[in-house]
Amino acid sequence: MMSDKLPKLVTDLPGPKARKIIDDDSRWVSPSYTRSYPFVAARGRGALVEDVDQNRFLDFNAGIAVCSTGHCHPDVVRAVQDQAAELIHMSGTDFYYGLMPEFAKAIGNLVPYGNDWRCYFGNSGAEAVEAAMKLARYHTGRQHYIAFHGAFHGRTFGSLSLTNSKPVQRKGFSPLVPGVTHVPFPNPYRDGGGCGERAIAYIRDVVFKTTLDPAEVAAFVVETVQGEGGYIVPPDDFLPRLQALAREHGILMVADEVQSGSGRTGRLFAFEHFDYQPDIITLAKGVASGMPLGVMMAQAGIMEWEPGAHASTFGGNPVCLAAATATLNLLQSGYLENCRQMGELLRTGALELMERHPVIGDVRGLGLMIGVEFVRDRTTKETAADLRDAVVDECFKRGLLVLGAGPSTIRLSPPLLVDQEQCRFALQTIDEAVAAASA
Ligand code: PLP
């Protein structure tokens with residue numbers, strides 16, 4: 001099974017087994033999940049996933065940028081199986097085991113600046129962000145955070161207070177953690193040239209002059225590339241300027257790389273694309289190829305909280321750390337290079353689609369974190385959510401799994417091992433899907 005590299009559909013969608021599971025799911029499972037189309041997964045290998053009716057799909061979501069090394073990479077599977085047979089759990093909160101310092105040392109040594117990095121381990125992106133928020137307050141003794149419009153940092157109360165990408169994510173849950181001010185994130189497509197400097201000027205000349213004394217701000221929390229908000233790459237000068245402003249006022253820079261880190265942009269850390277050195281880094285999603293792990297990193301001078309200040313029973317579980325170690329080895333053995341090459345192929349191909357389809361307003365991205373934005377009109381740039389949703393649906397009908405991001409964008413975030421044939425198939429499918437959706 002699943003020997004071929006491309007999709008193969010053998011039933012109507014959803015097929016009979018899928019329909020039964022979807023019925024059960026809607027009866028028994030929380031209705032808060034958002035399922036864009038009726039895909040019911042059974043197994044995955046590499047960039048392919050098969051549903052319960054043996055339809056084969058090409059996965060350009062990678063479990064939302066999680067299955068970085070592909071589905072069930074043999075090295076990851078072996079690491080998980082071996083570790084599960086040896087020691088599943090011991091609670092790193094209370095006891096030692098070698099995988100914790102081993103992984104922390106391996107990833108700490110890969111940060112291209114500073115030394116003496118430390119890792120805190122949780123189970124998810126939200127937990128990594130919570131830990132970053134707590135550490136920033138603890139270290140600075142300050143209460144406030146500045147986060148960005150369009151940001152997604154998670155759904156626990158602390159991380160949700162930073163999240164600002166869709167009202168439905170916050171509606172009904174207030175009061176959230178106080179002390180968060182949201183400011184515009186520069187969007188080169190929508191805000192034009194100079195938007196990085198304008199975003200900084202807004203903080204410096206408006207927020208700091210009218211609303212918030214910078215001496216009370218613990219941290220800027222910022223996604224290096226905005227993920228759920230629409231796969232938005234900030235202009236080159238934005239993060240360096242934000243860091244300069246932060247340094248001027250003793251504010252920490254938290255780089256949320258839960259989605260953009262772990263090789264997704266063709267570099268291990270997305271901030272390596274910019275002249276920028278964050279103080280605190282958060283990773284999750286792709287870091288352990290699908291096993292639940294959140295990592296919050298800072299140098300020793302910042303991560304100096306006392307025993308008992310923060311911890312998690314399962315965080316940094318041995319099986320997850322074994323998967324993360326296998327993932328890190330794979331990323332260093334050619335996956336980053338493949339990510340850069342396939343990213344270029346996809347981006348160039350998507351730009352060609354843009355020439356043929358006036359409803360594509362923008363193509364942007366780094367590595368295999370690519371956004372294709374749909375608009376009603378290229379001049380007004382009016383968003384086209386319905387059209388985007390229709391494109392996602394048409395792709396599904398043709399065996400390609402993609403998802404939306406932001407109001408009007410589809411994201412292309414396949415596993416980092418995706419190959420040329422699969423990228424060409426995806427581009428051709430998107431071409432057909434856009435034609436069908438806009439007809
Ligand atoms: N931060 C970013 C940038 C994310 O994209 C996400 C999830 O999409 C999170 C944090 C939250 O991660 P999790 O869903 O693992 O809690």
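## A buried strand residue, a ligand site and the charge pairs

Methionine 296 is buried, at 0% relative accessibility. This residue sits in strand E10, which covers residues 294-299. Its C-alpha lies 9.7 Å from that of valine 254, and the two residues are 42 apart in sequence. The model is a predicted one.

**A second buried residue**

Threonine 265 belongs to the loop between strand E8 (252-256) and strand E9 (280-283). Is threonine 265 buried or exposed? It counts as buried, with 1% relative accessibility. Its side chain has a polar partner: the side chain of histidine 273 makes a polar contact with threonine 265 at 2.9 Å.

**The ligand site**

Which residues are around the ligand? The list is Ser124, Gly125, Ala126, Phe152, His153, Gly154, Glu223, Glu228, Asp256, Val258, Gln259 and Lys285. By class, this shell has three nonpolar, five polar and four charged residues.

Specific atom pairs can be picked out. Aspartate 256 places a polar side-chain atom 2.7 Å from a ligand nitrogen. Glycine 125 uses its backbone: an N or O atom there lies 2.8 Å from a ligand oxygen. Lysine 285 has a side-chain N or O atom 3.2 Å from an oxygen atom of the ligand. Taken alone, the ligand exposes 390 Å², and the protein buries 82% of that area.

Lysine 285 also has a notable backbone. Its phi is near 35°, a positive value in a residue other than glycine. The residue is found in the loop between E9 and E10. Lysine 285 counts as partly exposed, at 23% relative accessibility.

**Other backbone features**

Most residues other than glycine have a negative phi, and most peptide bonds are trans. Isoleucine 64 has a positive phi, near 55°. It is found in helix H2, residues 62-65. Isoleucine 64 is partly exposed, with a relative accessible area of 28%.

Where are cis peptide bonds found? One joins leucine 13 and proline 14, with omega about -10°. Proline 14 lies in the segment before helix H1 (16-28). Another cis bond joins serine 174 and proline 175, with omega about 0°. Proline 175 lies in the loop between helix H6 (157-162) and strand E6 (180-183).

**Salt bridges**

Side chains of opposite charge can pair when their charged atoms come close. How many salt bridges are there? The count comes to 26. The table gives examples.

| Acidic residue | Basic residue | Closest N and O atoms |
|---|---|---|
| Aspartate 431 | Arginine 356 | 2.6 Å |
| Aspartate 389 | Arginine 388 | 2.8 Å |
| Glutamate 382 | Arginine 376 | 3.7 Å |

Aspartate 431 and arginine 356 form a salt bridge. This pair links distant parts of the chain, with its members 75 residues apart. Aspartate 431 is in helix H12 (residues 420-438), while arginine 356 is in helix H10 (residues 318-356). Aspartate 431 counts as buried, at 19% relative accessibility. The cut-off for buried is under 20%.

In the pair of arginine 376 and glutamate 382, arginine 376 is partly exposed at 46% relative accessible area. Glutamate 382 is partly exposed too, at 44%.

Aspartate 389 pairs with arginine 388. Here aspartate 389 is partly exposed, with a relative accessible area of 40%. Arginine 388 is buried, at 9%. Elsewhere, salt bridges that share partners join Glu197, Arg204, Asp205, Lys209, Asp237 and Arg241 into one network.

**Cysteines**

A disulfide is a covalent bond between the sulfur atoms of two cysteines. How many disulfides does a search of the whole structure find? It finds zero. Why is cysteine 67 not bonded to cysteine 72? The sulfur of cysteine 72 is the closest cysteine sulfur to that of cysteine 67, but at 7.7 Å it is too far for a bond. The cut-off for a disulfide is 2.5 Å between the sulfur atoms. Cysteine 67 counts as buried, at 11% relative accessibility.

Cysteine 320 is in no disulfide either. Its nearest cysteine sulfur is that of cysteine 67, 13 Å away. Cysteine 320 is buried, with a relative accessible area of 5%.

Terms used: Residues are numbered from 1 along each chain as its sequence is written. This is a predicted model: local features need pLDDT of at least 70, side-chain atom pairs count only at pLDDT 80 or more; totals for chains, interfaces and linings use all residues. Side-chain values use heavy atoms; hydrogens and water are left out. A salt bridge is a side-chain nitrogen of Lys or Arg within 4 Å of a carboxyl oxygen of Asp or Glu. Helices (H or I, at least four residues) and strands (E, at least two) are DSSP runs, numbered from the N terminus. Buried means under 20% relative accessible area, exposed over 50%, partly exposed in between (1.4 Å probe, protein chains only). A residue is near a molecule or strand if one of its heavy atoms lies within 4 Å of it. A polar contact is a pair of N or O atoms within 3.5 Å; within protein, one must be able to donate a hydrogen and the other to accept it, and residues adjacent in sequence count only if both atoms are side-chain atoms. Accessible areas come from the Shrake-Rupley method with a 1.4 Å probe; for residues, only the protein chains shown count as cover. Ala, Val, Leu, Ile, Met, Phe, Trp, Tyr, Cys and Pro count as nonpolar, Asp, Glu, Lys and Arg as charged, and the others, Gly among them, as polar.
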